[in-house]
Amino acid sequence: MRILLYYTCVILLATGCGGQPVDKAVWVNPADTLIIQDLQPRFATGCSKWKAVLYSSVQPLELHTSFSNNSLTLSAAGDAAVVEGPAQICLEYGKQLFYYPVYLKNKAAAPEIYKEFRSPKTVNPDSSLVQQRIIYSRDINCNLLAVRGKSVYFFEDEIKLAPRAAVERAVKDDALSAYYVQPGSCIAIPLQAVFRREEKIFYVTAGPLKDKYGNTVADGTLVSFNYDKAASAAHMEATLLNGFAAVSIPVEGNEGCRLLATVNNIVSQPVNLRTR
Amino acid sequence: MSLVLLTHGVIIYFTLPKTYDAFVHIFFADHYARNWFEPWEYRWYTGFLTVSYPPLVHQAIALISKLFPLKVAFCIYAISIFEILVIGVYRFSKIFFDKTTAGVAALLAVVLSSMVETLHVYGQMPTLTGLAFLLNALPFLYQYIVKGKFISLVMTLTFLAVVISSHHVTAIFGMAFFIAPTVFMALADGLPPNKQPRNLFRYLLQIVFSALRKYKQFILLGGLIISFAIGLIFPYWYWSKSDPITQVSIPHGSRDSFITHASSGLIFFIIPLALIFALLPAIAFSITRKKRFIGWAASFFLCLLLGSGGTTPLPQMLLGKNAFNILTLDRFGFWASVIAIPFMAKFICSFLAGPLRDWWIKRFSAPAHFVLSAVTGFTYLLFIVFIFHLAAFRPLQPKEIEIQPMLNFLNRDDHMRWRYLTLGFGDQMAWLSANSLAATVDGNYHSARRLPELTTRPVERLENAKFAGDEGLASLNDFLMNAEKYSLKYVFSNDRYYDPLLYYNGWSRTIRLENGIMVWEKGNISTIKPVVPKELSPLLKKAWGYIPVSALGITILLTVFYLSRYKQKDYFDNVPVADDFYPGPVICASALLPVIFFTFFIGKQVYELLLVKEQDSPQTAVLNYYNHLDFQRFENAFHFFKPGPAYTLDQYLLGKSVNDGGLLPSFAKLDSIDVKKLNSKNDSATLQVYTRWRTSLGHREKTDTLQLQKLNKKWYILPPVFSPEIPEQQMKSYTYTLFKKMGKRVISSFPTEKDDRVKKPFAVFKQANFIRNGQQNFIAGEILNADDIPVNIALKVTVRYEKNIVKDYYPGNAFQYNLSPKAASFFQVQLDSTVRMDALKILSVELYAETDVSERGYMHGGTPVYTVAAGAGEDVLVKGKMYNELTTELTIPGILMAEKDAAGNIWQAKLAVFPAAVRSGLSGNFQEPFHKIQKQAVRMAQHPITLFINGQRRSVLPVEPDAIAKMNKGVVIIPHCFLSQEIYLQ
């Protein structure tokens, strides 16, 4: 029982001491701007049990503390770079917190990363070739840099793309920045039907299909081949590859048919399926 | 008890996956293992309350599952309960007869067919738990009535508390069928032996007086039982009152007439009650011989009657139509078998080693007794072995499915953000649910479901919709069509029967998993929207979590306490000694019936397996031939053809492979068959066979004519003259343009970055018309994929009515959901009936299209060559050929037809599919009647349709006259075929 009483007193004393208020530590080598890699602020204080955290604009960074001769020295772990700007050193003693405003800088400038966003990423000459563009630059630590050749951090404008179907990159070597100019709809359907005696078929090709800017119409575009003879109608479908769609129509029962190819509302000139 | 381990313990892990209910209870157990105090279970039916079922069994399995895997936990629990049940039978039997008889009764319980079936075929753990504790409660109740000891009352109530917490139905009906007869018997045994009147009426009067004298005991007992029944599972009663079941009655085999549905009778009546029927003379004699058994006799015969289902109208008259249609009646037969156990044990005990043995030996000799006993025992054990393997002989469930590939699929790429549906899984769908946090729209506990698409139809589960006939497929169709409403995006299909329905409702095959399960996906489905759980007070949640499991804990503690402090040697000193008298005819009947019954049963099974004559008449031969065809047993079917060197199995299969295929041969089940003899001579016959097939797209009918010949007393079908259509080409080429969506290019588990997305593809409404044709209303039109990539399009019509009523409608199968670049599809979205829409008063009609990039499903195949012939009135006949220019088979050739007027306006769209597949390079004929509606229907111009594409308002393109339609009497068609080859992942 006596041992229990003893330990109770010890615990009460220990917790009681921890809760005593302390005076704000005095920063003995104050500076407005701190280089994070050279960080060594010293504080005069009689207590050793301080915790220190550096609050930058985006993240808290726990600092190392060392205490000797009534002096508390702080240092950052490693040589990690930070987001520059206003920050605060926070000294924590129990429930007491003391803040010291600073301005953070990195020791050396980091390599620039150029960012350019395009919207919409896919344009189609059937509708609009206009893109919105936003540009900014930052270093690898996410510190904004002035846009090249301009004295602003963000640059935004509208650009009109050339009507050339292609996959382009807004930023070189960045596949994710790719944007796409699609081909538009075809304007005409050249149609030919050739009788292949040995295969007993009419080999029908539609193409090359081009849009109004001369781009080859997109692969996979559905071409409908409608041919009719007397009262019967036939509907055959094929998809475009490299601007051409081809179908084989058996000769049997189809000689003399009138053939039309259709892509959406565009209809070809009629072709008669003849063996000679 | 060791016998239980030996007989049931070694096999239960293997019979468990084939049972009806085990996985449902495992799923509930998994719920409690994850969320003990939260009764809202979101994984089934868009959410339901687990307070809809007493929790104790599930909670107990959940507790065991903290140490063992779920399946093992279930097995441990099941065997433990079976041990308690055997003890219960022993104790229960002791209130009837002596200890030896009770011992035989306990042994009998281990191998009683009803018990074996309930455990190994049905997996009904709550029923067995309820019964196990009820049987243990009855001796205490008997003691309480006879001796009035307080400890007996306490023990009665604790055991009944477990019954109530385990299975409400056993608790409710147990009062009538078990507790009332026990009370009656206890009162009877409490009468002084010399004051028991011989007259039955006076005897009953004495019992009533005796009961009145003990009114305080009864008031206390009754009051406490009712309080327990209400209080222990109060949340259940609260739920059933505040959220009553709205489910229409679901057909169950136990309610069938067992005369017209012999298979139901076999499963639900004959097999579980086999021994009871075999020993019925002895049981009936014993149970009616003594007045103290009057209550049991009434219970036994009443249970037997109710267990006979719809064979007679009496059960429905007794239970009332409502209860009759909700309850599964096999449980009554089960209870009858339990009541009969002591009486069967009494007879068996006496016949094997008692006075009846001496009687038999005296009359028929000892060897006769030995042979009879041995053969009866042997055939009965064979019968029990048959029940153990019933699921193997008569498969009740699909083969076991490895669930890990599905779990992997659900876990990756945020697939859990949508709901899924299983098809053809049987009860294993509950096992998948128990192992995943993903949600399904289906479920396996229909009392709790509240989705109108399910509650209004007599469908047990969506996953086995094909077994529920037209209603089942209609219900499934609702979900597949209105998938957006329930965020249903994935279907795991284990049955290709559903493939046509899925495809024509806009679902695309995504991947075949390692376990052979095909995953179907629907595009443009929103992720699961938060569902507000049904309110239940925190107090009730705590009560649900604590009270039932506490009841079990208290029962165990009190039993230990009772055994150590109260158990007496003269425990059953009030039970009168029963003699072994049976009349001669009863002995003979009860001794011979079992051997006759079980020998006949086993003989019949062997006959059906090995000796059945499948070809003894032309009709039988044809019926059996079609039966084999239906189950795809082609080798068996081949043996019905006249044997000969020119027609080998190889030739038959080759013929099938080039001739068969399509909706009927590959995706249909035989619904009915009618064989008509056209002509018959001595050794030859010509039969016309009319078959009706169920497909997921509706019924199809077919008529065949078969020639048969008799050879060596067997009828054979003459092989058909095989003239296959052969394409000219030896090799065929076709250029497909396939697309690959590159998917996530940013390798990160964070939500997709904006840079990572493909834009919403462009689409254009070419036209959309609101058409009213009599009572039918629909939106018909055409939509174009205006983009350069294949798209999936989701259409939705929103009609706003007065009083803020908003209803959404989705297209069915009259639409091509996936389109190639610059391809267009007709569509038709069915709305409500004219009466309904006019009553609600339309304010506005909006048509929404959502597009998404697609990489499959945009090939619709085939070249229809057609003419349209005029018919009577507005009827026309579209007929022609479907030419297959592709390098793959058109598995289900189909066309999407639209009716256009002279100006090019679309009035209706309709899908037509044809039964036979078309092989590559060949053509198949088709003809389809089509009824034009332009003359009687009206375009509802007073309700203009507001169009939206990807959330932005759009207008229609100018409508132009269609020359092809004009040439074809206003009918235009586009191909819409299903290609089953997975290489294209259509």
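This is a short talk on one sheet and one helix pair in chain B.

Okay, before anything else: this is a predicted model. Let's begin with the sheet. There are 4 strands, the sheet is open, and reading across chain B the order goes S3-S4-S6-S5, with mixed pairing. So who's at the edges? That would be strand S3, residues 419–423, and strand S5, residues 508–512, both in chain B. Each of those has a single partner strand, so one side of each is left without a neighbour in the sheet. As you go from one strand to the next, the twist averages 25°.

Now have a look at S4 and S6. In chain B, strand S4 covers residues 488–493 and strand S6 covers 518–521, and the two pair in the antiparallel sense over 4 bridges. If you want a spot to find on screen, go to B:Ser493, which sits opposite B:Met518 in S6(B).

Right, on to the helices. Helix H20 of chain B runs over residues 330–353, and helix H21 of chain B over 355–364. They pack at an angle of about 50°, and their axes are 4 Å apart. Angles from 65 to 115 degrees would count as roughly perpendicular and those under 35 as roughly parallel, so H20(B) and H21(B) come out as oblique to each other. The crossing of H20(B) past H21(B) is right-handed.

Which residues meet there? From H20(B) we have B:Ser350, B:Phe351, B:Leu352 and B:Ala353, and they meet B:Pro355, B:Leu356 and B:Arg357 in H21(B). Sorted by class, that contact of H20(B) with H21(B) has 5 nonpolar, 1 polar and 1 charged residues.

That's my bit, thanks.

Conventions. Residues are numbered from 1 along each chain as its sequence is written. Chains are lettered from A and ligands numbered from 1 in the order in which they are written. This is a predicted model: local features need pLDDT of at least 70, side-chain atom pairs count only at pLDDT 80 or more; totals for chains, interfaces and linings use all residues. Two strands pair if DSSP finds at least two bridges between them. Axes are lines fitted to C-alpha atoms, for helices over the stretch in contact, and angles run from 0 to 180 degrees between N-to-C directions. Angles under 35 degrees count as roughly parallel, over 145 as roughly antiparallel, 65 to 115 as roughly perpendicular and the rest as oblique. A crossing is left-handed if the near helix is turned anticlockwise from the far one by less than a right angle, and right-handed if clockwise. Two residues are in contact if their C-beta atoms, placed from the backbone, lie within 7 Å. Ala, Val, Leu, Ile, Met, Phe, Trp, Tyr, Cys and Pro count as nonpolar, Asp, Glu, Lys and Arg as charged, and the others, Gly among them, as polar.
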